[in-house]
Amino acid sequence: MLIFRSVSEIQTWLSIQKNDSRSIGFVPTMGALHSGHISLIAQSNLESEITVCSIFVNPTQFNDASDLEKYPRTLQADSFLLSKARCAVLFYPSVAEIYPTDLPEVILDLDGLDQVMEGEHRPGHFKGVVQVVHRLLDIVQPHRLYMGQKDFQQFTIIGHMIKKLNMSTQLVVCATSREPHGLAMSSRNVRLSSVGRMQAALIYTTLMHAVESRHREQPEALSTSCFEVLNQDPFKAEYVQIVHIESLKSVTSWKEPGQKAICAAVWLEGVRLIDNILIP
């Protein structure tokens with residue numbers, strides 16, 4: 001596996017590969033890799049001739065300085081996992097490489113996608129996400145971008161960005177990887193105790209129960225009942241919402257057309273956990 005630290009080096013190498021008509025798959029991460037990330041690498045390897053993975057803990061998407069400071073950084077272990085997964089390239093840039101002083105700001109109307117759920121509780125978060133993903137796509141210029149379904153609102157916004165800016169990259173969304181008891185895999189899970197990990201399974205079971213109960217309760221009542229379940233000690237719920245997958249607007253009736261999803265954010269042991277399930 002090749003490791004690049006500078007923008008100029010990775011762009012020079014990738015230009016040679018593209019001149020040879022080799023397809024590029026890209027998996028952007030913030031490190032602390034787990035099986036979910038590796039499943040994205042595997043999918044890219046199936047569909048692309050070269051897989052590039054970036055590790056960059058993006059400061060502009062953290063609205064809580066302590067969360068940025070606590071975010072796990074495990075480069076040695078991450079490099080081993082990527083090499084074992086047959087990732088061709090690791091891009092591990094510095095903040096100065098990603099955000100040079102002359103970098104133009106990405107100006108994009110997100111049509112309110114950043115104002116609900118995560119956006120409501122993490123102001124400025126998605127502005128930072130759009131900024132960094134746009135920058136990484138501009139550097140790598142991949143044919144395909146691989147993201148996980150767990151970050152539902154994030155991939156919805158990135159898909160919106162790609163469409164609005166007429167970018168040539170294809171967004172590929174892969175199913176959420178889960179621990180054996182159902183907890184969505186996340187780099188933040190390492191901060192949970194073993195007891196906390198078992199308790200956190202309640203998030204998935206609650207959302208699954210909601211999907212199974214949708215014929216008996218209207219969306220708003222179902223969201224409220226799930227919130228109440230996930231807002232009892234030792235949990236602290238931020239939101240549980242049933243939304244349309246494209247607009248992220250709340251669903252008020254099951255008769256409304258289009259696919260829907262139930263999304264949640266919950267605190268446990270000082271760790272913020274998110275999850276979602278698509279509703280048939």
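In the predicted model, Phe4 stands opposite Phe91 of strand β4. The two strands involved, β1 and β4 (residues 89-91), pair in the parallel sense. Three bridges join β1 to β4.

This pairing belongs to an open sheet of six strands. The strand order is β1-β4-β3-β2-β5-β6, and the pairing is parallel. β1 (2-4) and β6 (170-174) stand at the edges. Each edge strand has a single partner, so one side of β1 and one side of β6 are left without a neighbour in the sheet. From one strand to the next, the twist averages 25 degrees.

Helices pack on this sheet. Helix α2 (residues 35-47) lies across four strands: β2 (24-29), β3 (50-55), β5 (144-148) and β6. The direction of α2 makes an angle of about 150 degrees with β5. Helix α8 (residues 152-164) also packs on the sheet. The strands touched by α8 are β5 and β6. Relative to β5, α8 runs at about 160 degrees.

A further helix, α11, spans residues 219-229. Its buried residues are Pro219, Leu222, Ser223 and Cys226, where buried means under 20% relative accessible area. Viewed down the α11 axis, these residues fall within an arc of 100 degrees, and they therefore line one face of the helix. The elements covering the buried residues of α11 include helix α10 (201-212). Strands β7 (235-244) and β8 (260-268) are also among them.

Notes: Residues are numbered from 1 along each chain as its sequence is written. This is a predicted model: local features need pLDDT of at least 70, side-chain atom pairs count only at pLDDT 80 or more; totals for chains, interfaces and linings use all residues. Side-chain values use heavy atoms; hydrogens and water are left out. Two strands pair if DSSP finds at least two bridges between them. Axes are lines fitted to C-alpha atoms, for helices over the stretch in contact, and angles run from 0 to 180 degrees between N-to-C directions. Contact means heavy atoms within 4.5 Å. Buried means under 20% relative accessible area, exposed over 50%, partly exposed in between (1.4 Å probe, protein chains only). The arc is that of the directions from the helix axis to the C-beta atoms.
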